[in-house]
Amino acid sequence: MKRILTGDRPTGKMHLGHFVGSLKNRVSLQDEYETFIMVADVQALTDNYNNPEKVRDNVLEVTMDNLAVGLDPKKVTFFIQSQIAEIAELTVLFMNLVTMEKVMRNPTVKTEIAQKFKDGSVPFGFINYPVSQSADILFLRTHLVPAGEDQRPMVELSRDIAEKFNATYKTDVFPLPDLKVGEFGRLVGTDGNAKMSKSLGNTIYLSDTPEEVEKKVMSMYTDPARIKATDPGHVEGNPVFIYLDAFAPNDQRSTINDLQTRYRGGQVGDIEVKKYLAKILNAFLAPIRARRAEYEQNPDLVREILRQGTEKTRREAVETMKLVRKAMKIDYFA
Ligand code: TRP
């Protein structure tokens with residue numbers, strides 16, 4: 001079986017954007033691939049080194065979010081990044097295979113630096129996290145990474161490193177991993193911003209209550225050019241209609257088509273469309289909330305899933321490091 005590795009920074013609960021970009025693919029691919037889900041606490045610390053409680057508190061949260069959407073802990077391996085020392089070791093070895101110029105050009109890192117470090121003083125560990133992420137991906141000799149479009153530069157870097165490693169040390173230790181993004185692309189925020197993101201405050205969380213969902217939907221950004229319900233409205237690019245396309249089941253298609261026609265013709269108000277969207281989202285989230293509630297009542301079970309998964313992952317890491325040390329001629333006492 002080919003392998004999947006993907007992961008999440010434990011910095012907060014996961015939201016609908018994560019579902020569309022990555023979680024949905026994880027669920028649908030779990031039978032086809034040997035799947036590893038990493039809680040990326042070391043990466044989270046690169047911009048939260050002074051807030052370790054936050055990172056620690058969110059380890060169980062992101063694990064429960066993954067379990068809640070339907071990843072089966074009997075098939076899928078969950079592990080915690082910091083508990084696999086081999087990832088750190090591989091990061092150091094990989095740093096020689098990447099130029100500073102290349103790391104500094106990473107578009108995702110550049111965007112994050114502009115958002116997170118406004119005073120321009122950036123921890124070196126943060127600049128280096130794409131190399132560390134390449135080690136995350138490669139230590140399991142991964143074939144596929146289901147993740148959002150913003151992770152493309154990291155997966156490409158991991159391919160470059162794998163290629164360079166294999167060529168330099170004349171080996172075939174590492175397969176070249178591919179990125180798999182959600183078919184729907186990136187999900188807009190409730191405020192119409194191109195990206196749903198905690199730091200932008202435009203999220204709907206998988207764990208939001210029905211009331212929170214309703215409240216967020218009712219204050220969503222729609223068509224700014226439309227002032228009255230009788231004005232002709234825009235459906236394309238309108239977050240409310242985008243969410244309907246992303247989350248409504250197929251049997252709602254004719255209702256949605258009808259709403260679109262009436263919206264374009266100025267025959268339906270925002271409130272009616274939003275009430276319908278809130279219903280659709282709450283129906284979509286109901287089974288996710290129910291599963292999450294079961295795990296929330298049993299945090300020891302979640303910890304046990306992580307502990308066993310981490311142990312299994314460590315055994316895989318040891319195997320890869322044997323091959324790496326041999327290829328790099330640092331296997332002195334083997
Ligand atoms: N960078 C990812 C994020 O911000 C988290 C992550 C860490 C990851 N290591 C990974 C994703 C390896 C995919 C593969 O969400």
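In the predicted model, the ligand is surrounded by Leu 5, Thr 6, Gly 7, Arg 9, Met 38, Ala 40, Gln 43, Gln 133, Asp 136, Ile 137, Val 145 and Gln 151. By residue class, this shell around the ligand divides into 5 nonpolar, 5 polar and 2 charged residues. With regard to secondary structure, at least two residues of the shell are supplied by strand E1, which spans 3–8, and at least two by helix H8, which spans 129–138.

Nitrogen atoms of the ligand also approach polar side-chain atoms of the protein. A distance of 2.8 Å separates a ligand nitrogen from an N or O atom in the side chain of Asp 136, while a ligand nitrogen lies 2.9 Å from an N or O atom in the side chain of Gln 151. For the side chain of Gln 133, the corresponding distance from an N or O atom to a nitrogen of the ligand is 3.0 Å. Of the 360 Å² that the ligand exposes when taken alone, 89% is buried by the protein.

At the level of the whole chain, the protein is divided into domain 1, made up of 3–187 together with 299–327, and domain 2, which covers 208–292. The C-alpha centres of domain 1 and domain 2 are 33 Å apart, and the contact takes 13 residues from domain 1 and 11 residues from domain 2. The size of an interface is often expressed as the accessible area lost when the parts come together; domain 1 and domain 2 bury about 1,000 Å² between them, with 74% of it on carbon and sulfur atoms. On the side of domain 1, Leu 16, Ala 68 and Phe 184 supply 49% of the area buried against domain 2, more than any other three residues.

Key:
Residues are numbered from 1 along each chain as its sequence is written. This is a predicted model: local features need pLDDT of at least 70, side-chain atom pairs count only at pLDDT 80 or more; totals for chains, interfaces and linings use all residues. Side-chain values use heavy atoms; hydrogens and water are left out. A residue is near a molecule or strand if one of its heavy atoms lies within 4 Å of it. A polar contact is a pair of N or O atoms within 3.5 Å; within protein, one must be able to donate a hydrogen and the other to accept it, and residues adjacent in sequence count only if both atoms are side-chain atoms. Accessible areas come from the Shrake-Rupley method with a 1.4 Å probe; for residues, only the protein chains shown count as cover. Helices (H or I, at least four residues) and strands (E, at least two) are DSSP runs, numbered from the N terminus. Ala, Val, Leu, Ile, Met, Phe, Trp, Tyr, Cys and Pro count as nonpolar, Asp, Glu, Lys and Arg as charged, and the others, Gly among them, as polar. Domain bounds come from an automatic or database domain assignment. Contact means heavy atoms within 4.5 Å. Buried area is the accessible area (1.4 Å probe) that two parts lose on being put together, summed over both.
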